[in-house]
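Hi,

Here is the structure I said I would send over. Have a look at it first, and then read my notes below.

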Amino acid sequence: MSDVIVVGAGPTGLMLAGELRLHGVDVVVLDKAEQPTPFVRALGIHVRSIEIMEQRGLLDRFLAHGRKYPLGGFFAGISKPAPTYLDTEHGYVLGIPQPEIDRILAEHAIEVGADIRRGKRVVAVRQDHNGATAELDDGTTLQARYLVGCDGGRSTVRKLIDVGFPGEPSTADTLIGEMDVTMPADELAAVVAKIRETHKRFGIGPAGNGAHRVVVPAADIADGRAVPTTLDDIKQQLRVIAGTDFGVHSPRWLSRFGDATRLADHYRRGRVFLAGDAAHIHPPMGGQGLNLGVQDAFNLGWKLAAEINGWAPESLLDTYESERRPVASDVLDNTRAQAELISTAAGPQAVRRLISELMDFDDVNRYLTEKITAISIRYDFGDDLLGRRLKNIALTRGNLYDLMHSGRGLLIDQGGQLSVDGWNDRVDHIVDTSTELDAPAVLLRPDGHVAWAGDEQSELDTRLNRWFGRSTTRKSPPSSQ
């Protein structure tokens with residue numbers, strides 16, 4: 001029996017596998033595809049995901065294969081400069097195609113000991129008080145203490161455990177693919193720029209491999225699995241929107257996606273969890289989908305590992321849904337709003353002009369940018385600093401994120417008078433100072449969110465007990481929010 005079965009080897013599942021392995025959890029990743037998908041459904045990672053990769057020592061791998069782009073223009077494609085101040089070292093979006101993201105995360109997961117098995121389709125899930133069982137289409141079964149469905153918007157796991165997925169069906173499909181283009185580059189750029197003044201769902205640009213990525217509104221709404229996209233479909237819609245098909249030919253791959261918006265009723269049923277697109281789908285506005293899933297995994301990983309390793313406090317696993325589902329709900333709302341703002345109808349265009357005027361105020365621009373990049377997320381378990389993630393502050397002996405690669409909790413103690421005795425198998429204690437830290441000491445969860453700030457040992461003990469379980473050496477105070 002394994003500790004955890006992860007169904008789905010996309011960014012969410014691979015990130016989760018890596019997080020679990022940091023804590024010694026035995027994890028098997030199952031994916032129905034024989035090979036990683038070549039489809040480029042996402043083109044980059046936002047600030048909070050960049051920080052997450054840095055917290056785990058992975059950022060250099062991504063930077064080596066990505067390109068930094070300014071943050072402006074990510075809310076409904078409204079072109080504005082980046083805000084003058086963001087609470088991060090990483091004031092950019094990192095352009096990197098999803099197959100590269102998948103490859104890097106898979107390599108990391110394998111390096112730390114995850115077992116990734118491709119060509120394994122899950123057809124049934126059963127569970128009892130001892131664990132969960134996945135039945136595969138070849139008749140074999142796998143057992144584990146827990147199972148996590150990271151298998152996308154059409155999640156088999158979600159359906160098998162009978163979790164509702166209410167929301168709105170797609171109202172506008174989009175065709176997408178990589179192919180060659182014969183139109184000269186200068187003429188292509190001019191035509192595309194002109195069309196994008198009014199059609200934000202349209203685009204053609206270099207894909208980085210000699211081909212071009214083509215995105216164009218579809219003529220109808222259809223199930224992408226039942227109605228495969230053809231090159232003729234792409235050409236027809238290019239002519240409708242642009243008056244030319246740009247001489248597209250020799251496609252590498254073709255696909256389509258919709259703008260359905262749905263949120264799972266629950267993120268957990270017994271010993272089975274949902275994460276990433278299995279728990280939420282939304283229009284692709286702002287490029288938030290992949291990032292939202294990676295951040296789900298970052299939140300769930302340490303909590304599930306704590307339960308398996310025997311030190312999780314009561315209800316810790318429940319905080320996964322209570323923290324992450326509201327975040328997804330907010331993303332669904334902001335993508336709904338953005339979808340309205342890219343409509344070519346007169347009413348939405350009037351609202352778009354108004355929003356554009358408001359974004360000239362730096363506070364408004366910053367608010368929307370922080371929402372898209374997820375650095376404004378605050379989990380609701382305290383006042384002020386509590387629940388927020390802490391940026392990579394400079395300490396006298398280095399940087400904060402360099403101390404977080406192991407995925408353990410962390411106490412930054414500027415006065416040197418505090419102790420984590422009894423929790424030091426789960427929490428590191430660093431006595432150091434920072435001009436950027438406006439608190440005598442802070443306790444960080446493994447996901448970098450602030451669990452406590454202050455200077456009183458008794459208060460610290462209460463929070464250690466709340467997030468890291470009972471002390472191994474002394475009687476812990478009662479659990480408290």
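Let's start with a helix pair: H2 and H8 cross in a left-handed way. Before going further, please keep in mind that this is a predicted model. H2 covers residues 47-55, and its axis lies 9 Å from that of H8, at an angle of about 40 degrees. The two helices are therefore oblique to each other. On the H2 side, the residues involved are Arg-48, Ser-49, Ile-52, Met-53 and Gln-55, and they meet Asn-291, Val-294, Gln-295 and Phe-298 of H8. Sorted by character, the residues of this contact are four nonpolar, four polar and one charged.

H8 has another helix to deal with. H1 (residues 11-22) and H8 (residues 289-308) have axes that come within 8 Å of each other, and they cross at roughly 25 degrees. An angle under 35 degrees counts as roughly parallel, so that is the label for H1 against H8. Which hand does the crossing of H1 and H8 have? Here H1 passes H8 in the right-handed sense, whereas the crossing of H2 and H8 is left-handed.

As for who touches whom, H1 brings Pro-11, Thr-12, Met-15, Leu-16, Glu-19 and Leu-20 to the contact, while H8 supplies Leu-290, Gly-293, Val-294, Ala-297, Phe-298, Leu-300, Gly-301, Leu-304 and Ala-305. That contact of H1 with H8 splits into 11 nonpolar residues, three polar and one charged. If you click on Val-294 and Phe-298, you'll find them in the contact with H1 and also in the one with H2.

Now the strands. E1 (residues 2-7) and E2 pair in parallel through four bridges, and Val-6 sits opposite Val-29 of E2. How much of E2 (residues 27-31) is buried? Five of its five residues are. Side chains in a regular strand alternate between the two faces of the sheet. In E2 both faces are covered: Val-27, Val-29 and Asp-31 are buried on one side, and Val-28 and Leu-30 are buried on the other. Asp-31 is worth a click, as a charged residue that is among the buried ones in E2.

There are also two open three-stranded sheets to look at. One has the strand order E3-E5-E4 and antiparallel pairing. Its edges are E3 (44-45) and E4 (67-69); each has a single partner strand, so one side of each has no neighbour in the sheet. E3 and E5 (residues 93-95) run antiparallel and are joined by two bridges, with Gly-44 partnered by Gly-95 of E5.

The other open sheet runs in the order E10-E15-E18, again with antiparallel pairing. E10 (167-168) and E18 (280-281) are the edge strands here, each with a single partner and so with one side left without a neighbour in the sheet. E15 (residues 261-263) is linked to E18 by two bridges, and the two run antiparallel; Leu-263 stands opposite His-280 in E18. Helix H9 (residues 318-341) packs on this sheet and touches E10, E15 and E18, with its direction at about 170 degrees to that of E15.

Finally, three loop residues that I'd like you to check:

- Phe-246 has a positive phi, near 60 degrees, despite not being a glycine. You'll find Phe-246 in the loop between H7 (231-242) and E14 (249-257). Is Phe-246 buried or exposed? With 2% relative accessibility, Phe-246 counts as buried.
- Ser-315 is another residue other than glycine with a positive phi, in this case near 75 degrees. Ser-315 lies in the loop between H8 and H9, and with a relative accessible area of 34% Ser-315 is partly exposed.
- Gly-287 belongs to the loop between E18 and H8 and is partly exposed, at 36% relative accessible area. Its C-alpha is 42 Å from that of Ser-419, which is 132 residues away along the chain.

If you have only a few minutes, I'd begin with H8, which packs with H1 and with H2, and then turn to the sheet that H9 packs on.

Cheers

Key. Residues numbered from 1 in each chain as written. Predicted model: local features only at pLDDT ≥ 70, side-chain atom pairs only at ≥ 80, totals over all residues. Heavy atoms only, no water. Axes fitted to C-alpha atoms, helices over the stretch in contact; angles between N-to-C directions. Parallel < 35°, antiparallel > 145°, perpendicular 65-115°, else oblique. Left-handed = near helix turned anticlockwise from the far one by under 90°. Contact = heavy atoms within 4.5 Å. Pairing = 2+ DSSP bridges. Buried < 20%, exposed > 50% of the residue type's maximum accessible area, 1.4 Å probe, protein only.
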